[in-house]
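Good morning, colleagues. Please look at the model on the screen while I go through three of its features.

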Number of protein chains: 4
Amino acid sequence: MFDLLLKGSVVLPDRIIEDGWVAVRGERIGAIGTGEAPQATKMIDAGTDWIIPGIVDGQTHATSYKGLPGFEATSQSALAGGITTMVDMPYDNPDPLNTLERFDAKVQAVHDYSHCDVALYGTVAPGQGTDLMQPLADRGICAFKLSLIESHPVRFPRIPADEILDILTASVPTGLPVGLHNEDQEIVRAMIERHKAQGLTRPEHNETSRPEVAELSATAQFMELGAATGAHVHIVHLSSPRGLQMIAEYAARGVRATGELCVHYLHFDAARDIERLGARMKVSPPIRSGMIEDLWQACEDGLPALISSDHSSWPIDNKLAASIFDAGAGIPGLETLGPSFYTDAAERYGEEGAVRRLVDYMCLKPAEFFGLAPRKGAIAAGADADLVVLKRGPKPFDASQTRDGLNWSPYDGETFTASVATTVRRGEIAWDGAQILSTAGSGAFIPRN
Amino acid sequence: MFDLLLKGSVVLPDRIIEDGWVAVRGERIGAIGTGEAPQATKMIDAGTDWIIPGIVDGQTHATSYKGLPGFEATSQSALAGGITTMVDMPYDNPDPLNTLERFDAKVQAVHDYSHCDVALYGTVAPGQGTDLMQPLADRGICAFKLSLIESHPVRFPRIPADEILDILTASVPTGLPVGLHNEDQEIVRAMIERHKAQGLTRPEHNETSRPEVAELSATAQFMELGAATGAHVHIVHLSSPRGLQMIAEYAARGVRATGELCVHYLHFDAARDIERLGARMKVSPPIRSGMIEDLWQACEDGLPALISSDHSSWPIDNKLAASIFDAGAGIPGLETLGPSFYTDAAERYGEEGAVRRLVDYMCLKPAEFFGLAPRKGAIAAGADADLVVLKRGPKPFDASQTRDGLNWSPYDGETFTASVATTVRRGEIAWDGAQILSTAGSGAFIPRN
Amino acid sequence: MFDLLLKGSVVLPDRIIEDGWVAVRGERIGAIGTGEAPQATKMIDAGTDWIIPGIVDGQTHATSYKGLPGFEATSQSALAGGITTMVDMPYDNPDPLNTLERFDAKVQAVHDYSHCDVALYGTVAPGQGTDLMQPLADRGICAFKLSLIESHPVRFPRIPADEILDILTASVPTGLPVGLHNEDQEIVRAMIERHKAQGLTRPEHNETSRPEVAELSATAQFMELGAATGAHVHIVHLSSPRGLQMIAEYAARGVRATGELCVHYLHFDAARDIERLGARMKVSPPIRSGMIEDLWQACEDGLPALISSDHSSWPIDNKLAASIFDAGAGIPGLETLGPSFYTDAAERYGEEGAVRRLVDYMCLKPAEFFGLAPRKGAIAAGADADLVVLKRGPKPFDASQTRDGLNWSPYDGETFTASVATTVRRGEIAWDGAQILSTAGSGAFIPRN
Amino acid sequence: MFDLLLKGSVVLPDRIIEDGWVAVRGERIGAIGTGEAPQATKMIDAGTDWIIPGIVDGQTHATSYKGLPGFEATSQSALAGGITTMVDMPYDNPDPLNTLERFDAKVQAVHDYSHCDVALYGTVAPGQGTDLMQPLADRGICAFKLSLIESHPVRFPRIPADEILDILTASVPTGLPVGLHNEDQEIVRAMIERHKAQGLTRPEHNETSRPEVAELSATAQFMELGAATGAHVHIVHLSSPRGLQMIAEYAARGVRATGELCVHYLHFDAARDIERLGARMKVSPPIRSGMIEDLWQACEDGLPALISSDHSSWPIDNKLAASIFDAGAGIPGLETLGPSFYTDAAERYGEEGAVRRLVDYMCLKPAEFFGLAPRKGAIAAGADADLVVLKRGPKPFDASQTRDGLNWSPYDGETFTASVATTVRRGEIAWDGAQILSTAGSGAFIPRN
Ligand SMILES: [Zn+2]
Ligand SMILES: [Zn+2]
Ligand SMILES: [Zn+2]
Ligand SMILES: [Zn+2]
Ligand SMILES: [Zn+2]
Ligand SMILES: [Zn+2]
Ligand SMILES: [Zn+2]
Ligand SMILES: [Zn+2]
């Protein structure tokens, strides 16, 4: 007698079982089968809809605006988006996760507020030294994050190149990747000042003020620091194919180099969308013009290590500024991550092609990357029972109905060709397509293994 | 209520479930799980031994000596070696599989004699033309085989280069790979004549009379023919790393090029073993000296498309000749394929590393390559219930106990670190580690899908 | 007091001296200068016309038709074409140059008949063994030539692959390149038979009966034989860019591999010219369709080792056959080699670009390649006084006026943008733009140094 | 009647004439020959010693210490070192060459003070804008120079990345290369501070405080800026093979990227020499340990665009500091450039190999690179009569006898295997092996052509 049974088209790591089922015992998957199914207390029959693993979002900023209580709304939004594990960034409000106390507080906040499971990035503040890196790794953070541009002096500071060298060196024994926000501060700041001086402050000037070379130059610099230290250097967002290619070339030379793509770079195009969306599509690095098809090709070539949302919890007020340079960067994305990717991929590769790629880039790869496998990322006997019913068929996306407490989105009004009908998190039906059924604090901290 | 349940360390495509089980209903896998297992009529508890998919041997010569009845003993040997599907070569005695009548007769022979499942290569005789290639493909053969050297004028002829061009061209719409026995006839025959003329007829002269360049030259020629036609060109056995590298280079240039390794090239070394084994290790292309470590590295680099046995059904009498050039080429290999690979791999990568690589190169890859997936090659719900218990621990190999009707082997007397304790073929326990339990004709022809 | 002074735009290896002069003392260049010139017995003032080194034609068949006396007319044609050194192929009528006697006879014939200097290829007959290779090298032949297709059983035989291996092995201590006529006999012969059987015997069927793959397959085979032996393997004519690319790839892997281009592949196009020229443009490998631009690009990329004429001394009767397969292959080319290249290059790179490339590919490179430098190939103090005045300006080409004793050409009626106004061979004015002034036997055998 | 005749082993671009001569008329080479030589007013018979072109030193800092009058001593030292053209860097004392006035003043200073010919780099000051770049190019500067590290706030400032982008963009229409002093300021300054804080101020700490990664990181950043703009990006000194390799990889991807080597990196080794030489071998980037053999191999692979001295005019007092961080960077090098390279190369490649490589890397290549060919860099009729007699045979180097006004050198006391016996600058015997015979102001400014 199992506790829960899901039936449908089950998407396994290497195949899809059309007439399949997944049986849950407690928090784990107990069995996977086809044909006649075992008894279970509860049963969800998804018919021909997809049953996929819970999505692992490799880049969430849950607590950068509201602080640690930000987990509450953000984690509900995650579940509504089919995300059962968020990998949360360390640039929290008011202080980043760079000490054991901050680590403990954040883990406590997960236990207090979160509806979904959470893995944690750590960071190191300028001048702090590297002594806490190993202790943080020992407690289970899954990666470190740094930036070459200052977004906020305390929360999101720039780390000088010499300290990055130290941090990379210290990361080697931890085995953890070190992620980078890859923009050259000198170029970006100067360019913005020039734009302002010339009164060029409209939304389209965000792209021109943060040129691709600012991103590539910072990326190349970080790759060289990685090459010198033997560290695993990871770029957390590349807005253009050239960066992914550069990383592949460093990797081919033996550098432990990886790069991440965010789903909005695969969907929006500045030339096409900036007039309509304005600051609503401002992210950093910016969404550029004419990149979409080459980025999809890069995915086909296997270049990104994973694809994430880069969800940021900024209220819409943060975007309403006369100058694009006064508008905040970052967009909500948890409830659109899977549906956006699926919709765009289905146009190119069909629905089965779409769901396979979604599971590959958003479940299997991030779970492996952040050391959360084999618990997370795949439907497999013994794994955590994180399961999503992805319902096939058109569904308009209404940002006013999102659970993130922000209720706006650049995707508002678009129609996706799949929607998240059910989310099971460690055996519990946490989202039924209309309601959050879980309670705050039911989420768990997942240490890197 | 299932028909059969196996418990043990289940080796799935992407992970190993330590406390796992596989439940069989009829001929198919019904469920895979961990922890408490469902009821079943029969149960095999393998403890901590490995449960792997039935091996798919990508190159068997079951019927080249005794003709089609040769399936009977050969297929029993396969089961005793954990092989549930043989991909049988077309060079049958007395006539090769190059017509629909021969195809029908061979399928009938599978149904009459075979204990294991069988997929079939086809071929084309010199001067025959290509008209039957598409009909043979439609009936389900999985590949075509050709040779650039004549081993027998009817059974195993050389195909002239112009006809190979025609055959490759005709293969493109079938989508099937065209395999090649890759030796340059002119070089090999002349070298043998020279050796004979000088009285150099000892076992070690097999290697010197069939130099690596004879193999590489034929391989390069075939690659160019492939490049000109767009066909999938496959080399069925490479005895040295350079050939695998050449194929990778052609593939990188867009040619549909693949190459296969046979397990004996990974185990024997001419310089070390020829005095002890003599003609017992004569195969073509020959086992060379000093290749083993580079071939293992080539496997780590992912160069071979699959690893096979190249089992040949020659009686030992065929080997007992005063001159190495009068001894037949080919060795039995079905019962040593898995154990030899596992033993050698475990020395290099540990037991878990060994079983992962075995499943990758001998189950997943050949099933995919020959179009037998998703039925064959993986433990997955809905797949054929082809399952093997691979028992851990030393076991001496005694060739006199083999089921192949030949009862000799170059491996005789070696000790392997794993043995085939049980073989389940489509739900039936066909081998229990001591006895064949299946009946002749219980094997099936498996068409390429 | 010098013997001869030439004034003009002197083309040196690294620069052009606009107001230059070259002063000759005896058979050698005594001085090169600019401005005021020294006294000399004779003076040729070329004004702004080019003064270039005598061309070294890397592939001439002077004696394949008329036998050794063929040198007389052929060498006069060479001088009229600005060629002061022919590298003559060994496939002489009636016997090839494969013995010391034949070598001595051919050197004697140079001294008896030739007006220009001559370097000599040697060859090895099937079954002959390699004993004479070193003695021939010691006497000064500059390369060996082989074929993978039989053109004539005695003069131009196919060498079996095993003997090629022996020859390549034996070539290594000589340091000499081994050239190959690169067509797969089996493919070409079968294709021709098929064409004949279908009545496809028009000129355009020469291209289809000798497909590119026949050439590439033979080339790849020869490269592998080269790789196995360490020999310098040279392809004497490639009709398409892919072959040059393949050679570059082998060279990048450390094989001593080179390839040669003939000027007609850079000028004619089968699709465009075959109807007009018919058998008049039949060469082997055939001139193909659509190759010209990519071949020029290959020259820009530095892929050919040299560019030659492949001049063949066939009378036009040899071409007048009802079937293209009965027409002889080979065309006269000594008097068009330089002008054709110059004209086509000038269209692409201007006149200065043209003369630089001509000197590079037809003087410097072949002299270096065949071991004739520093005597031949460059205007330099101390070098042989082989000098050509290349007159700028249009000149129609009239094949009836050629000195080769053949008086036909596929170029007949074309207008070149440069012409050979004077040829000085070792200090002697041998051609004055209208008359041959040298005497038979004034040419010398030039041994490889 | 020529004005001057030199006899000896004349090193031409493509060959050496053993019994050669060079005849000078006025400032130009009038003729080059072998054997009987023409009449001349003056004659120098070098016997079997080498006659090479005047060396073009691609990187001299003549005026960074004493200001423009620094040309006087520096240019005499150049002539004594066989250098007839210095390419002078723009970081002059007190102001760099970044305006037309400074350009005019520097050209005037050449005419007032210099004994040798001079080509000029220009630069752009921080915040200056790019308006003067084209005018400076029009007046004949041959390249621009920038730095990513500040050595002096006015003379040798750091240029911010955004301004480098502007400068590179503006350089494209000028066609000029933009050179970079390639050290990351942030890393180097922080490292030095750390060393000081720990009391690590001995000579060996120069290497550890300026790690290779500081150089590679700045190099990669500059390459990316070059890739984004299409500019010719040139690294003026690479201390390790990896940087040269990186540049080759960017060049292979179509970036106009080049790199320069300085001769001291080919001669000194920090681990071996630092204790003996201390601050006397301090240059930036530093001479590292264990690089020499790989750098010579990089030269064999053709990676450097040229090899220069990076001569700096610092008095020895500048080196005499208790802390290595208080010692100035830069060493005199004009009189050791050629002899050091020749000596080291002769050990590896013999004397003829050495002189060929010297002429290639120090005459031909820099003249071509800086647009000074065909006047400079080669012995050719019509070229400037810049000629050097390089005397073969051992000669101890005594720094107290140098003409640079500094009279110290890290090479002091070493024995070279060749010495500069005569230097002819535009037809004038300017150095006779013991005395400077030219007058101040006899040197000329050589504009890029
Ligand atoms: Zn970021
Ligand atoms: Zn982010
Ligand atoms: Zn075979
Ligand atoms: Zn076989
Ligand atoms: Zn030929
Ligand atoms: Zn020829
Ligand atoms: Zn510098
Ligand atoms: Zn410098």
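Chain D can be superposed on chain C with an RMSD of 0.0 Å by a turn of 179 degrees and a shift of 0.1 Å along the axis, the fit being by least squares on C-alpha atoms of residues with pLDDT of at least 70 in both copies. That is the relation of a two-fold axis. The same surface serves both copies, as 100% of the contact residues of chain D recur in chain C; contact means heavy atoms within 4.5 Å. Ile32(D) is the residue of chain D that comes closest to the rotation axis, its C-alpha lying at 2.6 Å.

This is a predicted model, in which local features need pLDDT of at least 70 and side-chain atom pairs count only at pLDDT 80 or more, while totals for chains, interfaces and linings use all residues. Residues are numbered from 1 along each chain as its sequence is written, chains are lettered from A and ligands numbered from 1 in the order in which they are written, and side-chain values use heavy atoms, with hydrogens and water left out.

I turn to the metal site. Which residues coordinate the zinc ion (ligand 7)? They are His181(D), through ND1, and His237(D), through NE2, at 2.0 to 2.1 Å; donors are N, O and S atoms within 2.8 Å of the metal, or 3.2 Å for Na, K and Ca, and sites may look incomplete because water is not among the atoms. The zinc ion (ligand 8) is 3.5 Å from the zinc ion (ligand 7).
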